[in-house]
Amino acid sequence: MITQYTWPTPNGHKVSILIAELGLENEVVAVDINKGDQFDPGFLKLSPNNRIPAIVDHDPADGGAPVAVFETGAIMIYLAEKEGRFLPDPNDIRARKSVMEWLMSRIKRLIFSMSCKVGCVTLYRNVSHPVSHYRWQEP
Ligand SMILES: N[C@@H](CCC(=O)N[C@@H](CS)C(=O)NCC(=O)O)C(=O)O
């Protein structure tokens with residue numbers, strides 16, 4: 001079972017879509033980034049960069065304690081590897097590097113980063129909100 005800590009933003013949707021495609025049992029915990037839930041000390045233990053999305057995997061492949069993962073790309077790779085889907089075998093270095101190239105280009109592409117900033121500042125939170133100002137200015 002996967003717990004998704006998320007909010008309806010582009011990065012949140014990427015992980016939600018992958019979880020749906022993988023058919024994983026999951027529950028959703030809303031982290032209202034308008035109210036500042038991302039700074040809650042309990043959430044920061046899961047996502048130290050104070051951003052959604054984050055997940056907790058309650059049935060990790062090693063059979064150990066639940067695993068928390070933050071960062072969209074890291075979550076997507078973790079889930080794809082766990083389920084053995086959507087990622088070529090590591091020995092298939094040509095196919096694997098091709099998938100990684102496109103994954104990284106989607107995650108780090110400037111336009112996505114900027115659209116998330118615009119979304120965070122103008123859609124999900126009032127422009128006069130103090131978090132809007134420092135988020136807009138940070139790299
Ligand atoms: N590098 C992070 C960025 C995540 C991110 O920017 N999440 C936004 C929503 S799309 C967020 O949590 N914003 C809260 C805030 O800016 O305080 C990732 O790819 O997961």
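The sheet in this predicted model is an open one, built from 4 strands in the order 2-1-3-4, and its pairing is mixed. If you look for the edges, you'll find strand 2 (26-30) on one and strand 4 (67-70) on another, since each of these pairs on one side only. Neighbouring strands are turned against each other by 20 degrees on average, ignoring direction.

Here are the strands with their residue ranges:

| Strand | Residues |
|---|---|
| Strand 1 | 2-6 |
| Strand 2 | 26-30 |
| Strand 3 | 54-57 |
| Strand 4 | 67-70 |

Now zoom in on one pair. Strand 3 and strand 4 run antiparallel and are joined over 4 bridges. Within this part of the sheet, Asp 57 sits opposite Val 67 of strand 4. What packs on the sheet? Helix 1 (residues 10-22) does, and it touches strand 1, strand 2 and strand 3. The direction of helix 1 makes about 160 degrees with that of strand 1.

Next, the largest nonpolar core, which has 14 residues. The members that touch the most others are Tyr 5, Val 15, Val 31, Ile 52, Ala 54, Ile 55 and Ile 75. Strand 1, helix 1, strand 3 and helix 3 (72-83) each give two or more residues to this core. Which element gives the most? That's helix 3, with 3 residues.

Ala 54 is a nice one to click on. Leaving aside neighbours within four places in sequence, Ala 54 is in contact with Tyr 5, Leu 46, Ser 47, Ala 68, Val 69 and Phe 70. Tyr 5 also appears beside Ala 54 in the list of core members that touch the most others.

Methods. Residues are numbered from 1 along each chain as its sequence is written. This is a predicted model: local features need pLDDT of at least 70, side-chain atom pairs count only at pLDDT 80 or more; totals for chains, interfaces and linings use all residues. Two strands pair if DSSP finds at least two bridges between them. Axes are lines fitted to C-alpha atoms, for helices over the stretch in contact, and angles run from 0 to 180 degrees between N-to-C directions. Two residues are in contact if their C-beta atoms, placed from the backbone, lie within 7 Å. A nonpolar core is a set of buried Ala, Val, Leu, Ile, Met, Phe, Trp, Tyr and Cys residues joined through C-beta atoms within 7 Å. A residue is buried if 20 or more other C-beta atoms lie within 10 Å of its own, exposed if 12 or fewer, and partly exposed in between; C-beta atoms are placed from the backbone.
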